[in-house]
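Trainee: I'd like to take a close look at a single part of this model. Could you walk me through one helix and then show me how it fits with the rest?

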Amino acid sequence: MTSTLPLISRISTPCKHLGDPGPDRQLLLSLLAEAVHVPDHGRLRPWRFILIEGEARARIGETLFRRVQEAVPQASATRLEKEQTRFSFAPCIVAVVLTPVKGHKVPEIEQLLSGGALCMNLLHAAHQAGFGAQWLTGFAAYDREVLAAVGVAEEENLLGYIHIGTRRESPPERERPDPAELLTVAAP
Ligand SMILES: Cc1cc2nc3c(=O)[nH]c(=O)nc-3n(C[C@H](O)[C@H](O)[C@H](O)COP(=O)(O)O)c2cc1C
């Protein structure tokens with residue numbers, strides 16, 4: 001797989017604007033191979049993936065709908081509909097799971113950072129392969145019942161759902177920070 005798309009052209013595509021086709025299994029594995037080219041202090045590999053595709057998307061959407069209804073009784077019909085359909089657009093959703101190694105000399109915050117960098121790598125890999133993608137969390141990332149329905153264990157954390165598919169609409173570019181304004185130079 002070769003691509004010349006510069007990373008600076010990456011932009012998130014809202015998941016509702018993603019559709020078929022997504023990457024097939026072989027291409028997905030090569031995107032994940034790029035994603036795991038990530039700094040990993042201590043080579044702990046404190047992360048894993050769960051692929052959500054096909055019928056699993058509707059099943060998890062139903063669990064999410066029910067759990068938001070239970071936990072947020074004041075949730076509007078619009079919010080509930082959004083939650084129910086959240087997983088129905090992109091054909092390929094990769095749940096990136098942190099499997100922290102407890103009590104290791106590499107602090108858990110560094111393991112978390114490695115997992116975050118992995119999510120970003122996956123967004124870049126999807127972009128370079130010509131797909132649209134979006135990193136989402138929300139209620140679905142923190143409710144233990146939803147997480148159990150996805151396959152995330154109690155001792156694990158969900159770092160992000162990376163929705164990947166073909167863009168139905170191109171998102172407008174938005175203003176980005178000016179790096180010159182963020183940069184200071186340390187005193188010699
Ligand atoms: C950890 C993390 C979680 C996010 N969760 C959500 C989310 O639940 N809902 C949402 O609308 N955007 C979420 N975002 C923001 C989008 O992924 C994305 O950054 C945003 O749409 C801006 O697009 P950009 O990537 O082109 O800057 C999250 C971003 C990060 C880094």
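Which residues are buried in α1?

Mentor: Keep in mind that this is a predicted model. In α1, the buried residues are Leu28, Leu31 and Ala35. They span an arc of only 60° around the axis, so they sit on the same side of α1. Turn to the other side of α1 and you find Gln26, Leu29 and Ala33, which are exposed. Leu29 is worth a second look in the viewer, as a leucine that is exposed on the other side of the helix.

Now for what the buried side faces. The buried residues of α1 pack against β3 and α4. You can pick up that packing from the partner's end with Leu122: leaving aside residues up to four places away in sequence, Leu122 touches Leu31, Ala35, Val94 and Ile162. Two of the names from the buried side of α1, Leu31 and Ala35, turn up in that list.

Zoom out one step and you get to the core. The largest nonpolar core holds 37 residues, and Ile93, Ala95, Leu122 and Ile162 have the most contacts inside it. At least two residues of this core come from each of α1 (25–35), β2 (47–52), α2 (55–71), β3 (92–98), α4 (108–128), α6 (144–150) and β5 (157–167). Among these contributors, β3 gives the most, seven residues. As a general background point, nonpolar side chains in soluble globular proteins tend to be buried together.

Next, the two ends of the helix, beginning with what comes before it. The loop between β1 (18–19) and α1 contains Pro21. A cis peptide bond joins Asp20 to Pro21, with omega at about -10°. If you set up your own calculations, that's the peptide bond to look at in this loop.

On the far end, the loop between α1 and β2 contains Arg43, and Arg45 is found there too. Each has a positive phi despite not being glycine: Arg43 is near 45° and Arg45 is near 50°. Their surroundings come out as follows. Arg43 is exposed, because just 7 other C-beta atoms lie within 10 Å and the cut-off for exposed is 12 or fewer. Arg45 has 13 C-beta neighbours inside 10 Å, so it counts as partly exposed.

Now put the helix back into the whole chain. The protein chain has seven helices and five strands, and along the sequence they follow the pattern β-α-β-α-α-β-α-β-α-α-β-α. Its radius of gyration is 18 Å, close to the 16 Å from the globule rule for 188 residues, so the chain is as compact as a globular protein of that length. Along the principal axes, the C-alpha atoms fill a box of roughly 55 × 45 × 35 Å. Of the 188 residues, 29% are buried. Among contacts with a separation of 6 or more, 84% are between residues 24 or more positions apart.

One last stop is the ligand. Around it are Ile11, Ser12, Gln134, Trp135, Leu136, Thr137, Gly138 and Gly160. Strand β4 (residues 132–136) supplies the largest share of that shell, three residues. By type, the shell has three nonpolar residues, five polar and no charged.

Technical notes
Residues numbered from 1 in each chain as written. Predicted model: local features only at pLDDT ≥ 70, side-chain atom pairs only at ≥ 80, totals over all residues. Core = buried A, V, L, I, M, F, W, Y, C linked by C-beta atoms within 7 Å. Buried ≥ 20, exposed ≤ 12 C-beta atoms within 10 Å, placed from the backbone. Helix = DSSP H or I, 4+ residues; strand = E, 2+ residues; numbered from the N terminus. Contact = placed C-beta atoms within 7 Å. Near = placed C-beta within 6 Å. Nonpolar A, V, L, I, M, F, W, Y, C, P; charged D, E, K, R; others polar. Rg over C-alpha atoms; globule rule 2.2 N^0.38 Å. Arc of directions from axis to C-beta.
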